Amino acid sequence: MTHLTINGAPVEAPEGTMVLHAAEKLGVTIPTLCDHPDLKPFGGCRLCLVQVKGVRAMAASCSLPVSEGMEVTTDNEAIFKARREILELLLYDYHDSGYQDGQKEETQFMHWVRHFGLELEKSQSPTPRYKVDSDPNPVVWVDLNKCILCSRCIRACEEVQGRFVWGLGGRGFDTKITAGANTDMLSARCESCGACVAFCPTGALDNKPSMGLGKAGGTGGAATTGVL
């Protein structure tokens, strides 16, 4: 076992445990978007930044293994500011068109946006870049305007389902998730299992049959399906 302290509290964890999960042993919640307990560590979104004594730069706790004697701080003014700035950057290229989607609960992404005091209407991109409902798959709703490139859909399809449908295409600002060689999902051997939907933290991938029905017990609404 490896011994370390997190926010001054001692904790021990098996060798190879990531700091993010060691913190969970103490009931400490570290914000994250790209991490998921069923997927391999990725360290892409950087929302889970923490400070380690003796290390100059903040580190992503989801891909930082524990080490003997490590002293970790998970929350202070500097960390809060860094995480808020990360969310602001993600919102710069995010757009919610306001359609009534199939989400039963608030998305993980919007939970942290609100937690850090950001207002979607003021912070998001003013215009969408992609067509809403951009794939003909009858089960999966695709709205790339809500994608933050966390790659959870790609990794879920690969690591959980073994299908390799999703990947990344384009470069720089034009990078986006693509099905196969920039084709549609069914042509890329998608089995419509819904794993990518279940792992998506933003609602960029959703359950198409539920679109327009709103939350359970709600009155529903009309979904936007046209080209924006």
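Which helix lies across E3 and E5, and at about what angle to E3 does the helix run?

Let's work through that and three more exercises. This is a predicted model, in which local features need pLDDT of at least 70, side-chain atom pairs count only at pLDDT 80 or more, and totals for chains, interfaces and linings use all residues. Residues are numbered from 1 along each chain as its sequence is written, and side-chain values use heavy atoms, with hydrogens and water left out.

**Exercise 1: the helix**

Solve the opening question.

- Step 1. Know the labels: helices (H or I, at least four residues) and strands (E, at least two) are DSSP runs, numbered from the N terminus.
- Step 2. Find helix H2, residues 77-92, which lies across E3 and E5. Contact here means heavy atoms within 4.5 Å.
- Step 3. Read the angle: H2 runs at about 150° to E3. Axes are lines fitted to C-alpha atoms, for helices over the stretch in contact, and angles run from 0 to 180 degrees between N-to-C directions.

**Exercise 2: the sheet**

Work out the strand order of the five-stranded sheet and its edges.

- Step 1. Two strands pair if DSSP finds at least two bridges between them.
- Step 2. The order in this open sheet is E2-E1-E5-E3-E4, with mixed pairing. At the edges are E2 (9-13) and E4 (59-60), each pairing on one side only.
- Step 3. E1 and E2 are antiparallel, with five bridges, and threonine 5 stands opposite proline 10 in E2. Together E1 and E2 make a hairpin with two residues between them, where asparagine 7 in the turn has a positive phi of about 55°.
- Step 4. E1 and E5 are parallel, with two bridges. Valine 72 in E5 is the bridge partner of isoleucine 6.
- Step 5. E3 (residues 49-52) runs antiparallel to E5 (residues 71-73), joined by two bridges. Valine 72 in E5 is also the bridge partner of valine 52.

**Exercise 3: two faces of a strand**

Sort the side chains of E1 (residues 2-6) by face.

- Step 1. In a regular strand, side chains alternate between the two faces of the sheet.
- Step 2. Thr2, Leu4 and Ile6 point to one face and are buried (under 20% relative accessible area; exposed is over 50%, partly exposed in between, with a 1.4 Å probe and protein chains only).
- Step 3. His3 and Thr5 point to the other face and are not buried.

**Exercise 4: a loop proline**

Is proline 138 buried or exposed?

- Step 1. Proline 138 sits in the loop between H4 (120-123) and E6 (140-142).
- Step 2. Its relative accessible area is 51%, so proline 138 is exposed.
- Step 3. Not counting residues up to four places away in sequence, proline 138 touches Leu186, Lys208 and Pro209.
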